[in-house]
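Reader: I'd like to go through this one label by label. Tell me where each word comes from, and show me the reasoning.

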Amino acid sequence: MARVCEICGKGPVTGNNVSHAHNKTRRRWLPNLQRVRTVSDSGRTVRINACTRCIRSGAVVKPA
């Protein structure tokens, strides 16, 4: 599973863990992806990976 939202394209971002001694090691922040059922353009129900921001904003149309 690619860790990318299928609606907005949000993916992992990278940065540094910084210790008290200011040592830096690389790290990743992953988006909060959920596997949800949604209605496609053709009216069929499909499963997609969507971030919680898209789900909350109504960009994901849930089946009735």
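Author: Let's start with the neighbours of threonine 38: leaving out residues up to four places away in sequence, threonine 38 touches Arg44, Thr45, Val46, Ile48, Val60, Val61 and Pro63. Bear in mind that this is a predicted model.

Reader: Why is threonine 38 called buried?

Author: Buried means under 20% relative accessible area. Threonine 38 has 7% relative accessibility, so the label fits. As for its place, threonine 38 sits in strand β3, residues 33-39.

Reader: What makes the pair of threonine 38 and valine 61 a polar contact?

Author: The cut-off is 3.5 Å between N or O atoms. A polar atom of the threonine 38 side chain lies 2.8 Å from the backbone oxygen of valine 61.

Reader: Why is there no disulfide at cysteine 5?

Author: A disulfide needs two cysteine sulfur atoms within 2.5 Å. The closest cysteine sulfur to that of cysteine 5 belongs to cysteine 8, and it is 3.6 Å away, so that is too far for a bond. Cysteine 5 is also buried, because its relative accessibility is 3%.

Reader: And why is cysteine 54 not bonded?

Author: Its closest cysteine sulfur, in cysteine 51, is 3.5 Å away, therefore too far for a bond. Cysteine 54 counts as buried too, because its relative accessible area is 6%. A search of the whole structure finds zero disulfides.

Reader: How does the radius of gyration of the protein stand against that of a compact globule?

Author: The protein has 16 Å, whereas a compact globule of 64 residues would be near 11 Å. The C-alpha trace spans about 55 × 20 × 15 Å along its principal axes.

How values were computed: Residues are numbered from 1 along each chain as its sequence is written. This is a predicted model: local features need pLDDT of at least 70, side-chain atom pairs count only at pLDDT 80 or more; totals for chains, interfaces and linings use all residues. Side-chain values use heavy atoms; hydrogens and water are left out. Helices (H or I, at least four residues) and strands (E, at least two) are DSSP runs, numbered from the N terminus. Buried means under 20% relative accessible area, exposed over 50%, partly exposed in between (1.4 Å probe, protein chains only). A polar contact is a pair of N or O atoms within 3.5 Å; within protein, one must be able to donate a hydrogen and the other to accept it, and residues adjacent in sequence count only if both atoms are side-chain atoms. Contact means heavy atoms within 4.5 Å. The radius of gyration is taken over C-alpha atoms; the globule rule is 2.2 Å times the number of residues to the power 0.38.
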